[in-house]
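Please open the model in a viewer and keep the selection panel at hand. The stops below move from one selection to the next.

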Amino acid sequence: MILYTVVPCYNEELVLRETYHQLKEKYNHLMTENLINDQSRIVFVNDGSKDKTWSMIQKLVQDDVYIKGINLSRNRGHQNALLAGLMTVKEEADAVISMDADLQDDINAMDEMIEKYKKGVDIVYGVRSSRKTDSFFKRVSAEAFYRLMHALGVSTVFNHADYRLMSKRALDGLASFEEVHLFLRGIVVMIGYSSDTVFYERKERFAGESKYPLKKMISFAVDGITSLSIKPIRMITFFGIFALFVSVGMIFYTLIAYFKGDVVSGWPSIMTSLWFLGGTQLLSIGIVGEYVGKNYIETKRRPRYIISDYIGDPHD
C-alpha cells in the first residue's frame, strides 16, 4: 500500500520540524509493520507562508527522500491548499491521509485508519472523542456550528475537521466537484462511498498560533453554508410569505380600528403600506435569490489554486 500524507502549512516554522519528526517516526513504524511500502511519502503544502516555512520544507526534501513539497503561488486558504495537495498526489498513492501541521490530530490514529482502509473502506473520518482541550467558548461555538450546519441542510460528520483518509477512488470522486468556494467537510460526505470513523483525543497545539481565530471561523461557517445550501435563501422566501399574510391581517385590523374610530389619522395607511411592501420585497428578493443562489454555486470557474513548485524524489 502506498500511503501519502498531505499537510497544509501556513506560517508553521515553529512547529514544522516537530511535525516532520513525529510523522517520520510514524512512517518508520508503519513500514516496519508492513502496513505501507517504501514508496509512501509525506507532502507538505506551503500556502503562501510569510515566514520560513517554505525554505524549511525545501531543506526537508533535500535531506529526506520520503518528503515532498508543494508551493502555492500565493495564499489561497486552508481548504484550497489541502485540495491542491490531494489532487496533486492522488495518482501517486493508493490512499491519502490529510491532517493539519499543528500536531493537534493524533498521529497514532493513522494505524486504525489504514486498518479500516484495508477492509475496503474508502473514507475514514478522524473524529474527536471529546473537546476537553477547548475553552468553554470554543467548545460551545464549535458544537453550535455543527448543529447550525445540519439545520441549514449541510451534511457533515459531527466533531470532524479535516483529519481523514481517502482512497484513490474517493479522491477521483472529489475531483469531480468543481466548487470554487470549498467546504471539504461537506463535500467529502457527498461523495457517497463507504465510510467509517476513528475516534481520537485532540491535543493542545504544539507551538505557534491558531490559524482560525473567531473572525475566520465565522467566515468559514458562512462559506460552508452558502456553498452547499440555499436553505437560507428559502428561509427569506418563507418569511416574505409570512409577512404577506401578516399584512393581510393588518389590513383587516386597521380597517376595523378605522371604522371604530380608534386610530390616529394616517396610521392605517402607513401600517398597511409598511407591512405589504415589506412582505412583497422580501418575497421578491427570495424568489430572485433562488436563481442567484443556484447560479452562484454553479457558474464560478476561477482556479482554486496555482502550484508554483512541486519538489521531491524524481522517481515519481
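Select Leu83, Leu86 and Met87 in α3, then add Leu171, Leu174 and Ala175 in α6: these two groups meet in a contact, which requires heavy atoms within 4.5 Å. Helices (H or I, at least four residues) and strands (E, at least two) are DSSP runs, numbered from the N terminus. By class, this contact of α3 with α6 holds 6 nonpolar residues, no polar and no charged ones; Ala, Val, Leu, Ile, Met, Phe, Trp, Tyr, Cys and Pro count as nonpolar, Asp, Glu, Lys and Arg as charged, and the others, Gly among them, as polar.

The model is predicted: local features need pLDDT of at least 70 and side-chain atom pairs count only at pLDDT 80 or more, whereas totals for chains, interfaces and linings use all residues. Residues are numbered from 1 along each chain as its sequence is written, and side-chain values use heavy atoms, with hydrogens and water left out.

Now display the whole of helix α3 (residues 78–89) with α6; their axes come within 10 Å and cross at roughly 120°. Axes are lines fitted to C-alpha atoms, for helices over the stretch in contact, and angles run from 0 to 180 degrees between N-to-C directions. The two helices α3 and α6 are therefore oblique to each other, given that angles under 35 degrees count as roughly parallel, over 145 as roughly antiparallel, 65 to 115 as roughly perpendicular and the rest as oblique. The crossing of α3 and α6 is left-handed (the near helix is turned anticlockwise from the far one by less than a right angle; clockwise gives right-handed).

Keep α6 and add helix α7 (residues 184–191). The axes of α6 and α7 come within 9 Å and cross at roughly 115°, and the pair is therefore roughly perpendicular. In this case α6 passes α7 in a right-handed crossing. Ala170, Gly173 and Leu174 of α6 make the contact with Leu184, Ile187 and Ile191 of α7; these residues divide into 5 nonpolar, 1 polar and no charged.

Next, select the strands. An open sheet of 8 strands has the order β7-β5-β6-β4-β1-β2-β3-β8, with mixed pairing; two strands pair if DSSP finds at least two bridges between them. At the edges are β7 (195–200) and β8 (307–311), each paired on one side only. Within the sheet, β2 (residues 41–46) and β3 (residues 67–72) run parallel and are joined by 5 bridges, and Asn46 stands opposite Asn71 in β3.

Helix α1 (residues 16–32) lies across β1 (3–9), β2 and β3, running at about 160° to β2. Helix α6 (residues 168–175) also packs on the sheet, where α6 touches β4 (95–98), β5 (123–128) and β6 (160–167).

Return to α1 and add helix α2 (residues 53–63): the two pack at an angle of about 30°, with their axes 10 Å apart. The contact brings Leu16, Arg17 and Tyr20 of α1 to Thr53, Met56, Ile57 and Leu60 of α2.

Which side chains does Glu92 join by polar contacts? Select Glu92, in the loop between α3 and β4. Its side chain makes a polar contact with the side chain of Tyr4 at 2.9 Å, and another polar contact of 2.9 Å joins the side chains of Glu92 and Lys68. A polar contact is a pair of N or O atoms within 3.5 Å; within protein, one must be able to donate a hydrogen and the other to accept it, and residues adjacent in sequence count only if both atoms are side-chain atoms. Glu92 and Tyr4 are 88 residues apart along the chain, with their C-alpha atoms separated by 8.2 Å.
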